[in-house]
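Thanks for coming. Please have the sequence and the structure open while I talk.

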Amino acid sequence: MKKIFLLVTFLYTINFYAQSVSFKITGIILSDRNTPLESATIHLEKIQDSTVVSYTISDKKGSFFLEGSTFEKELNMYVSHIGFQPYFIKLALTKKEFQLGTINLKPNTNLLDEVVIKSRSPITIKKDTIEFNVKSFKTKKDATVEDLLKELPGFEVNDDGEITINGKLVNKVLLNGKTFFGDDPTIATRNLPKDIIDKVQVSDTRTKSEAFTGEKGAQENKTVNLTTNKEKNKGWFGRSVAGLGTHERNEYAAIANHFNNDKQIGALVNGNNINAPGYNFNGAQRRSVSLNNVSDFIPGGSNKGIIKSKSFGTSYADDFGKDAEMNTDYFYSGSNTENKSIRNSENILPDGKFFSNSSTSSINDKEKHTANLKFDIVIDSTFLINVAPSFTLDKGNQFSTRDQESLDENNVLINRSNSIINNKKTDKDFSNRIDLTKRFGEKGSFMRLSMSNQFNDSESDDYNISTTEILNSTTTNQNQFIDGDLNYNRLETQLTYRHFIIDKKLYLDFKYDYRKEKRESIKSTFDFDSINNQYSTFNSRLSTDFMYNNIRNKPAVALSYVGGKWNTRIESGYVFQTLENQDKLRPNLNLKRDYNALELFGFLNYKFNPNEYIYARYQLQNKPPEINQIQPYEDITNPLNIIVGNPDLKPTSTHTIAVGFNKFNIQKGTGFNTRAILNFMENQVITKSIVNDDLVNNTTFTNIDGNYNLFLVASYNKKIQIDPVRSLKLNIGTNSITIKNINFFNNEKYKSQTTSIIPRIGVTFEWKNVFKIDPMYKLSFSKTNLNLDSFEKQSFIQHSLDIKTITYAPKKLEWRNDIRYVLNPNVPVGFQKSSWLWNSSITYTMFQDKGFLTLKVYDLLNQNTNAQRIATANFILDSQSTVLQQYFMLNFSWKFGNFGRRKKTSRINKSRF
């Protein structure tokens, strides 16, 4: 019976796919004046339900090539372009190849017609913006915006939720042009449902002020703007999830949003002890709360300790008339992290080496409150005001114990230490930025005044009990209380005036920057007095009382050209900088230094078409030494590492050269991007250390020339549509970095070079609504070489294999697997060389697709580890720390919402097609 069933299924599948029809369509799109129309969208739809079958865009000659396969016998074909009437024909698939010849589009002059024609094109290109029609891209039910973005051509989304478009990073995700829950894009992409989104718009990232003046911006990052369906822009929606697991694991999360046209109100809450620490504050945590009911694990998770977290956030955005917009949010997060780690290092000396081993145990409690406000006011069509204050309250309490030992080249113990540290810290920060932008005329001239300030107050209480023993020599005991108080104030202004030379093409900019920083740092150290049982003996050697001023002035001039295909900018400025440090405990160490330097910037971007461009950038930056690097104060906080500054240090000049090429071919379904970044340093500040016979490190700083680092990135992907429901996607890429350093150790100068190459290859096979498998293999190869006779070349390899699978059958069930295998063949004895991490979940959909019951397991094989080996110019380090271990969890998720319905007042005039 089983064999008969399999035979019937096999014959049915063959018959099913034998009915599919493949096709190839070519043609040329011209205007009514017979000029080629570049970036016209050509797409095919099913007649029954308007589902998009295939699409492409025309090239600069107006030519297009469209291919695919379908089960339909007839399809509707549409051609559209901004400013022209859509073109429509019904295509009977009676043959495999169609040569349509020339198609002339008529201008769309009837703009006042009462009949509204909605764009049905999958992709529309509007100058510098690419717009995707969400209805044209099918996803699973209950899909999030992140699921949608993964289906769009040119988009890549990694495990952390980081988005790239044709190789460029997306650093902003907006909802109807407004920030959604702060600056973490993943809160929007992982929590907003796809079915409320109408369009996805992609453009270069610009500030509100730059958009107001028409400036191009940096063009290094992308912004995604999500526009909602008008009928779903009134109402509320949300989802919630709660789960319990073995080993007392638990999670809960909820998000709720209310939309009323321009008004957006939202709230979300999250808590768990499965290493998902919550919302992203200033990029500190890439992992944000996700209410996706299925497994949302990152292989390896947050691999440093066990994190218990809780968080809450709320946001409000609204327009006040046509001329004012407000956006505000508040976030709270709290976490408790427990971690144990071991670190073994081989430290390189010019005439030998020594070894250091340490073990640390820590408990870290944190709380953070953040409130942000953005207010934009359009005074008139030429004057814009932007105000953005922010407040942060950060509290932390860390308790740690540490044991460390150092051994000579023959593994003979030389010194050892142990410490108990308790640190309590409270940090308050307020900052504000105001931009005043005034346009002059319609030719691109403007003036902008930007003012920003920051006030930071940090208080800390540290208790340090430690013993340091140098074998056959001295033993140092410390039992201290350190009262810390740091105050930081910053005031910065920037004045920019742009004058047009050629209307909306060539501009001359005059700029002046002023920045003043003042930092007061007091660290009062008290030794424990055993007689009165108090920390009452003031230790002047370990105490500091500094006042630090940094004043920077920079006049600059720039020339910018903005053309249709290419744009460029060159800028030159001269920096006048003064650093002043007052040591109230050691007045003889007071110092004042003046640093003057030239800074340069230039870039060139050339677009062959909206999906193919090349760019180049050069920048010369100057950075003065840090205050702790130039003040000649002897820091003996750590008796095994004594640090003294060098007041004769010079500023570091960094030359950066970057080039890149991006190409995405919608017709062929291919994407390629590559970039190279070279940083070359002059007078780079490096450490200069001398290790004595007791393995005590005496460190100072010096300048050096000749250090550089080179980054190379390349990737290629191609999507192959096997038939209407099966597709294959190939992803090949490599990253490499080469770092050359000149070092000083024991007064001997030597060179080091480390090269790391990380090639990868991945294949994704998808059978729509049935199955998806996504394997990825990555090889990490690192080689370090020093020009020392005593040093042998070091080579390290790591293999990693990731396999992700999704099974959608039977109906209402979804089974996900996320498997990672890691092999570290070079780690020493005592560290785990290899591990399998297998996370799995199965979800059942119920209650009319509103409820989801999920059983998930983390680390099914119970092998998770984070052992790793790294190499630098001075040492080779092996490390391993606490990781999250196996657990099972059952959770339930509920999706809710209620949107108002809009009356249908528009209709499509088919006579136009």
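Two residues are in contact when they have heavy atoms within 4.5 Å of each other. With that in hand, take Gln629. Setting aside residues up to four places away in sequence, Gln629 touches Gly645, Asn646, Leu649, Val685 and Phe701. Gln629 belongs to helix α5, residues 627-630. Its relative accessible area is 16%, so Gln629 is buried, the cut-off for that word being under 20%. I should add that this is a predicted model.

Next, Leu710, in strand β39, which covers residues 708-721. Is Leu710 buried or partly exposed? Its relative accessibility is 28%, so Leu710 counts as partly exposed. Again without residues up to four places away in sequence, Leu710 touches Ile677, Leu678, Ser736, Ile737 and Thr738. For a distance along the chain, compare Gln794: Leu710 and Gln794 are 84 residues apart, and their C-alpha atoms are separated by 20 Å.

Now the aromatic rings. A pair of aromatic rings is described by the distance of the centres and the angle of the planes. How many aromatic pairs does a search of the whole structure find? The search finds 26. One involves Tyr463 and Tyr535: the ring centres are 5.7 Å apart and the planes are at 65°, so this pair is edge-to-face. The label follows because planes over 60 degrees apart count as edge-to-face. Tyr463 sits in strand β25, residues 445-470, and Tyr535 in strand β28, residues 534-538, so the pair ties together parts 72 residues apart in sequence. Both tyrosines are partly exposed: Tyr463 has 33% relative accessibility, and Tyr535 has a relative accessible area of 27%.

Tyr535 also pairs with Phe481, and that pair is tilted, with 6.3 Å centre to centre and 50° between the planes. Here too the pair links distant parts of the chain, since Phe481 is in strand β26, residues 475-502, and Tyr535 is in strand β28, 54 residues apart. Phe481 counts as buried, at 15% relative accessibility. These three residues belong to one aromatic cluster, formed by Tyr463, Phe481, Phe526, Phe528, Tyr535 and Phe538.

Rings can also have a charge over the face. Arg439 lies over the face of Phe212, 4.3 Å from the ring centre. Arg726 does so over Trp767, at 5.9 Å from the ring centre.

On to the nonpolar cores. In soluble globular proteins, nonpolar side chains tend to be buried together. The largest nonpolar core here has 36 residues. Which residues have the most contacts inside it? They are Phe132, Phe155, Leu192, Val200, Val224 and Leu226. Take Val224 as an example: leaving aside neighbours within four places in sequence, its contacts include Phe155, Ile165, Val170 and Val200, and also Lys172 and Gln201. There is a second, separate core of 18 residues, with Ile29, Leu44, Leu91 and Leu93 among them.

Last, a sheet. Strands of a sheet pair through backbone hydrogen bonds, either parallel or antiparallel. This one is an open sheet of 4 strands in the order β3-β2-β5-β6, and the pairing is antiparallel. Which strands are at the edges? They are β3 (52-57) and β6 (87-92), each of which pairs on one side only. From one strand to the next, the twist averages 20°. Strand β2, residues 41-46, is joined to β3 by 5 bridges, and the two run antiparallel. As one case, His43 has Tyr55 in β3 as its bridge partner.

That is where I stop.

Definitions and conventions: Residues are numbered from 1 along each chain as its sequence is written. This is a predicted model: local features need pLDDT of at least 70, side-chain atom pairs count only at pLDDT 80 or more; totals for chains, interfaces and linings use all residues. Side-chain values use heavy atoms; hydrogens and water are left out. Rings of Phe, Tyr and Trp (its six-membered ring) pair if their centres lie within 6.5 Å; planes under 30 degrees apart count as stacked, over 60 as edge-to-face and the rest as tilted. Buried means under 20% relative accessible area, exposed over 50%, partly exposed in between (1.4 Å probe, protein chains only). A charge sits over a ring if NZ of Lys or CZ of Arg is within 6 Å of the ring centre and within 35 degrees of the ring normal. A nonpolar core is a set of buried Ala, Val, Leu, Ile, Met, Phe, Trp, Tyr and Cys residues joined through side-chain atoms within 4.5 Å. Two strands pair if DSSP finds at least two bridges between them. Axes are lines fitted to C-alpha atoms, for helices over the stretch in contact, and angles run from 0 to 180 degrees between N-to-C directions.
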